[in-house]
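Colleague: I'm new to this one, and I'd like to know what stands behind the words people use for it. Could you take me through it?

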2 protein chains.
Amino acid sequence: MLRLWAPLASSVRLEINGGVHELTKAQHGWWSSSHHLHHGDFYTFEVNGTSGLPDPRSPWQPEGVHGRSCYVDHSRFEWNDARWQQRPLSSAIIYELHIGTFTSDGTFDAAIEKLDHLVNLGITHVEVMPIAAFQGEHGWGYDGAALFAPHHPYGGPEALKRFVNACHQRGIAVLLDVVYNHLGPTGNYLPKFGPYFSERHNTPWGSALNFDGPDSDEVRRFFCDNALMWLRDYHIDGLRLDAVHAIIDTSAIPFLEQLASEVDALRAHLGRHFVLIAESDLNDPRVIRSPELGGYGLDAQWSDDIHHSLHSLLTGERDGYYEDFGTLEHVATSLRRPFVYAGRHSSHRRRSHGRPPVGLHGHRFVAYLQNHDQLGNRAHGERLCNLASLERVKIGAALILTSPYIPMLFQGEEWAAKSPFLYFVDFSDEPDLARSVAEGRCKEFSAFGWEPGDIPDPTDDLSFHKSKLNWAALSEDQHSEMLRWHKSLIAIRSQLSELTSGRLDLTASRFSAEEQWLEVMRGPIRILANFSSTGIPFSINDQSHVIALSSNPACRVIANELHLEAESIVILATQQIVDQLSLPGEDESVVKPQGLERRSRKLDRV
Amino acid sequence: MLRLWAPLASSVRLEINGGVHELTKAQHGWWSSSHHLHHGDFYTFEVNGTSGLPDPRSPWQPEGVHGRSCYVDHSRFEWNDARWQQRPLSSAIIYELHIGTFTSDGTFDAAIEKLDHLVNLGITHVEVMPIAAFQGEHGWGYDGAALFAPHHPYGGPEALKRFVNACHQRGIAVLLDVVYNHLGPTGNYLPKFGPYFSERHNTPWGSALNFDGPDSDEVRRFFCDNALMWLRDYHIDGLRLDAVHAIIDTSAIPFLEQLASEVDALRAHLGRHFVLIAESDLNDPRVIRSPELGGYGLDAQWSDDIHHSLHSLLTGERDGYYEDFGTLEHVATSLRRPFVYAGRHSSHRRRSHGRPPVGLHGHRFVAYLQNHDQLGNRAHGERLCNLASLERVKIGAALILTSPYIPMLFQGEEWAAKSPFLYFVDFSDEPDLARSVAEGRCKEFSAFGWEPGDIPDPTDDLSFHKSKLNWAALSEDQHSEMLRWHKSLIAIRSQLSELTSGRLDLTASRFSAEEQWLEVMRGPIRILANFSSTGIPFSINDQSHVIALSSNPACRVIANELHLEAESIVILATQQIVDQLSLPGEDESVVKPQGLERRSRKLDRV
């Protein structure tokens with residue numbers, strides 16, 4: 001039976017194969033028809049006399065977001081992942097990728113060919129940027145319009161299933177980025193069907209979605225069903241919920257809590273593990289606390305404070321939100337407390353911000369040195385390796401990959417790819433919209449002193465093509481060196497429960513702002529970083545072994561003194577821990593130190 | 001030292017006695033001057049060249065909200081309440097009153113003369129409708145403009161202190177209704193001083209106050225300081241926070257939680273008890289849960305569901321929000337669960353509403369048969385006794401006053417005063433605003449089928465004068481009968497801990513929709529109500545004693561059968577409880593029943 005929600009409609013018709021089928025009004029604004037759709041059927045709806053409308057829950061839009069919907073029978077795909085179970089988030093290494101730029105073809109099938117690279121790297125989860133159908137061929141995906149339809153230029157529904165299946169066969173879980181806070185500026189036909197939007201709240205992208213006003217039960221149904229569909233029909237292992245701070249909802253049972261509860265029910269029903277990860281700018285532990293403690297019950301959330309602390313220290317940038325960061329104290333704090341702003345005043349926000357996430361473990365937070373936003377929201381989409389020396393980037397990578405959080409890499413970060421991740425859209429069929437987006441981008445950056453001519457045009461195809469990873473470059477020395485560094489760090493992390501424990505109470509840090517060094521203790525594992533341009537001696541005891549160092553000759557050990565060269569980082573552990581480790585063959589960074597007492601400072605466990 | 005917050009100003013001057021004093025910019029948008037104000041000094045501010053602005057924190061506006069501010073030295077008043085402590089909310093009987101209409105003079109001093117009546121009635125707390133200065137002579141007070149200044153026509157600061165002092169001397173606590181969700185449409189000079197308002201959220205009254213945007217720390221400071229001022233400088237015992245659902249705030253530490261925490265600190269500092277009671281339309285236990293469980297930590301909240309259930313059953317009304325209520329099931333539910341809508345679908349709201357307040361006691365909820373809104377938001381401001389028979393009103397009163405909640409009466413309710421409580425404003429100096437308010441009122445009620453000519457004009461002085469209580473009528477029979485009924489019920493409640501316990505787990509109810517009877521068990525106390533137009537027999541055991549009945553001959557007891565007349569209510573208790581009771585002399589409703597088995601139904605404890 002076919003069903004459609006259109007509570008304010010006076011008539012609804014299904015248009016298919018040149019014929020028209022009347023739908024009958026049922027309860028709660030739903031309409032139904034006894035007509036059955038078959039795989040590959042092209043169809044549209046007519047509502048109140050407006051014909052040719054795509055299905056709000058269209059499973060496929062092969063003609064684009066303005067075109068006809070095409071029915072998909074999900075039972076046809078042959079899955080090979082019956083026994084698949086994802087690893088727990090606590091031991092995850094996430095890899096964020098964007099289907100359109102991850103490979104030169106920019107499709108799900110092309111992405112499959114790169115999975116072995118991720119397996120070798122030690123990735124456990126890929127996180128795929130939004131793939132719900134949006135206008136044009138290419139784009140970031142946050143302007144999705146047909147939220148149930150995998151983007152046709154990426155390969156559509158079948159190709160997405162092949163991709164997920166291939167990931168599972170290699171032991172990789174798939175997280176999907178979904179946008180439940182707004183719809184794209186074109187192709188959004190939802191308002192023709194019902195009150196999906198509300199004027200009671202505003203978001204940076206216009207009217208908010210209606211999660212708490214009249215008829216919001218069915219709007220929530222739409223988004224919950226969307227989440228459940230990806231998990232059930234596409235075997236997705238979890239969702240990354242875009243910008244939950246833009247979901248304004250004053251209900252006693254907020255949408256996000258309902259979503260978590262429904263996903264939990266599906267977990268129980270299917271016997272599979274799912275995770276929900278929020279992007280949140282609120283620094284509010286409510287997002288991830290359990291409902292019993294007044295929370296939404298999501299599994300984890302991103303923490304921008306960790307990124308901002310590291311990025312501004314490594315690059316020296318202080319523009320925009322980086323004005324709140326930039327000192328070693330911020331970095332030292334962020335490595336033991338996921339919210340640097342947990343109630344203190346933020347200059348950038350001009351208000352107090354955040355709340356301490358008391359009692360929550362480190363693996364409720366995703367930490368990253370780079371992500372699509374932190375690159376792409378720059379005027380020129382630069383990666384960190386274009387802004388800081390490779391040695392400093394290595395320090396950042398090591399701090400993230402030894403942190404008590406869930407580490408995440410952005411595509412190409414592991415080999416210090418140089419391609420930018422620019423902002424790009426393909427609104428070539430809608431020149432007015434394209435112009436407005438291009439102008440909006442220039443206006444946004446004019447606040448930072450950029451002239452319009454300095455800003456790459458997001459509507460220019462070149463912005464898209466420049467953003468593709470150039471895998472051919474991977475064979476170059478500096479890239480393979482960086483890749484080795486990441487492999488070592490991931491190998492160490494994956495073998496040492498002290499690093500993946502998430503125990504913030506067993507994590508300590510201290511630093512010298514003057515001498516620019518940082519020490520992080522993860523239980524018995526000691527990480528020493530030298531951000532300065534001169535070598536620094538540290539006292540170590542004779543039980544300490546170097547298990548990773550960012551470059552030779554980064555570290556000279558003389559008696560009980562370890563001399564850490566400028567811009568380098570070293571990981572120290574006891575013999576007992578070294579004995580557990582089996583590092584990649586190409587890595588020879590495990591050295592045994594010899595002692596010499598340090599002159600001026602005694603560095604004991606904090 | 002004089003201080004003023006004006007973060008966006010480039011110049012600020014104090015204007016006083018024909019002179020001008022420059023203020024100096026300090027931190028966080030504050031300006032200061034070494035000039036000292038003295039009691040009775042009239043002054044204004046000049047900001048960015050605009051002169052004559054009243055102080056946002058003006059303690060007195062004797063010339064009206066557009067006039068000069070007048071400084072008040074709070075240390076001058078001689079208080080006589082040094083040892084005063086309010087009774088806990090659990091045993092409170094609240095009395096809501098509106099200074100302008102409570103007496104014919106409409107002042108704080110005139111209200112003092114009625115306090116002995118309240119003492120005799122058994123009132124423990126008065127709740128005073130908003131008294132922050134608003135435009136004109138009379139009004140409800142929800143369009144306050146000078147939030148720190150007691151309304152001058154009520155008598156100003158000194159008179160408010162005399163009123164509070166007089167209450168305390170009589171053992172009555174004073175709760176004050178404060179409006180922290182919007183400001184009135186005229187006299188609001190806050191935007192001249194700083195970003196007190198935000199465009200990110202909308203309320204029914206326009207832009208929302210800025211509790212979560214840039215500079216919101218100092219906006220919160222303004223409102224928290226306002227709350228603390230009433231409690232500290234005016235010896236107010238608690239605040240009723242108007243419409244907290246219109247305080248939209250997505251912060252990790254919401255304004256209401258901060259407010260509760262600051263009031264708590266003042267509690268500790270002064271060694272006095274304060275209470276915070278929210279008006280909330282959210283049916284969200286978060287409002288009153290402790291911060292440890294994700295709540296704001298307020299002490300109690302109003303529950304409209306209890307009112308709506310009773311009102312619609314007693315009157316038969318089903319318009320507007322009453323469409324969600326009207327059955328005995330709603331009433332029976334509301335008397336053991338403060339939220340009838342605790343997750344279920346509301347037809348009126350066209351969405352699911354509320355959440356079960358699991359684990360919260362009954363005295364976290366204020367229950368009332370009438371309040372200013374439930375009268376005044378009707379086209380003709382009718383009281384319940386104008387809409388239902390006195391016998392039915394008596395049933396309602398008894399159910400509220402035997403409920404597990406904090407009972408609240410509205411001025412005159414105790415003697416079934418007939419005067420309406422119309423909506424009224426005094427915008428006579430601002431004819432355009434007056435016209436717009438009058439038109440808005442007509443438009444609002446046109447949705448319910450009212451013609452403009454049928455709606456009393458809120459800008460007509462007659463609407464104000466008609467709303468004044470006519471105390472002379474109190475001597476009439478039906479009024480004194482109703483007053484006796486209320487006195488009896490309050491006397492019973494105040495003496496029986498079984499009634500004030502708030503233990504919802506010891507409260508049960510059942511009903512027959514067909515026969516229109518309701519039974520409520522409060523531990524060993526049994527309340528039987530007959531809403532039908534014929535008598536109903538109930539079986540009782542021979543340990544049952546009638547401790548109150550709504551009218552003679554409401555109740556005939558023959559053997560083990562109690563015959564309850566049409567539209568009446570009886571309260572039954574054991575001999576042990578009767579022995580504890582000492583009822584007012586004029587009350588002779590305690591009778592000893594004799595037994596007779598009821599034919600068709602056996603009513604045991606649920």
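Modeller: Sure, let's go through the terms one by one, keeping in mind that this is a predicted model.

Colleague: What makes A:Arg350 and B:Asp215 a salt bridge?

Modeller: The test asks for a side-chain nitrogen of Lys or Arg within 4 Å of a carboxyl oxygen of Asp or Glu. In this pair the closest N and O atoms are 2.5 Å apart, so the pair meets the 4 Å cut-off and gets the name.

Colleague: How many salt bridges does the rule find across the interface of chain B and chain A?

Modeller: The rule finds 4 there. Polar contacts are counted too: 14 residue pairs between chain B and chain A, with both residues at pLDDT 80 or more.

Colleague: Which elements of chain B supply at least two residues each to the side that touches chain A?

Modeller: Strand 14 (197-203), helix 6 (216-233) and strand 20 (351-352) of chain B. Strand 14 of chain B gives the largest share, 4 residues. Sorted by class, that side of chain B has 13 charged, 11 polar and 8 nonpolar residues.

Colleague: How many residues does each chain bring to the contact, and what area is buried?

Modeller: Chain A brings 32 residues and chain B brings 32 residues. The area buried between the two chains is about 2500 Å², with 41% of it from carbon and sulfur atoms. On chain B's side, B:Ala252, B:Arg350 and B:Arg355 supply 23% of the area that chain B buries against chain A, more than any other three residues.

Colleague: Why is B:Gln301 called buried or exposed?

Modeller: Buried is the word for anything under 20% relative accessible area. B:Gln301 has 0% relative accessibility, so B:Gln301 counts as buried. This residue is found in strand 18 (residues 300-302) of chain B. Leaving aside neighbours within four places in sequence, B:Gln301 has contacts including B:Ile277, B:Asp284, B:Phe339 and B:Arg364.

Colleague: How do you know that strand 1 and strand 5 of chain A pair?

Modeller: Pairing takes at least two bridges. Strand 1 and strand 5 (residues 30-33) of chain A are joined by 4 bridges, so they pair, and they run antiparallel. A:Leu2 stands opposite A:Ser33 in strand 5 of chain A.

Colleague: And what makes strand 1 and strand 4 of chain A edge strands?

Modeller: They belong to an open sheet of 3 strands in chain A, with the order 1-5-4 and antiparallel pairing. Strand 1 (2-5) and strand 4 (24-25) each have a single partner strand, so one side of each is left without a neighbour in the sheet.

Terms used. Residues are numbered from 1 along each chain as its sequence is written. Chains are lettered from A and ligands numbered from 1 in the order in which they are written. This is a predicted model: local features need pLDDT of at least 70, side-chain atom pairs count only at pLDDT 80 or more; totals for chains, interfaces and linings use all residues. Side-chain values use heavy atoms; hydrogens and water are left out. Contact means heavy atoms within 4.5 Å. Buried area is the accessible area (1.4 Å probe) that two parts lose on being put together, summed over both. A polar contact is a pair of N or O atoms within 3.5 Å; within protein, one must be able to donate a hydrogen and the other to accept it, and residues adjacent in sequence count only if both atoms are side-chain atoms. Ala, Val, Leu, Ile, Met, Phe, Trp, Tyr, Cys and Pro count as nonpolar, Asp, Glu, Lys and Arg as charged, and the others, Gly among them, as polar. Buried means under 20% relative accessible area, exposed over 50%, partly exposed in between (1.4 Å probe, protein chains only).
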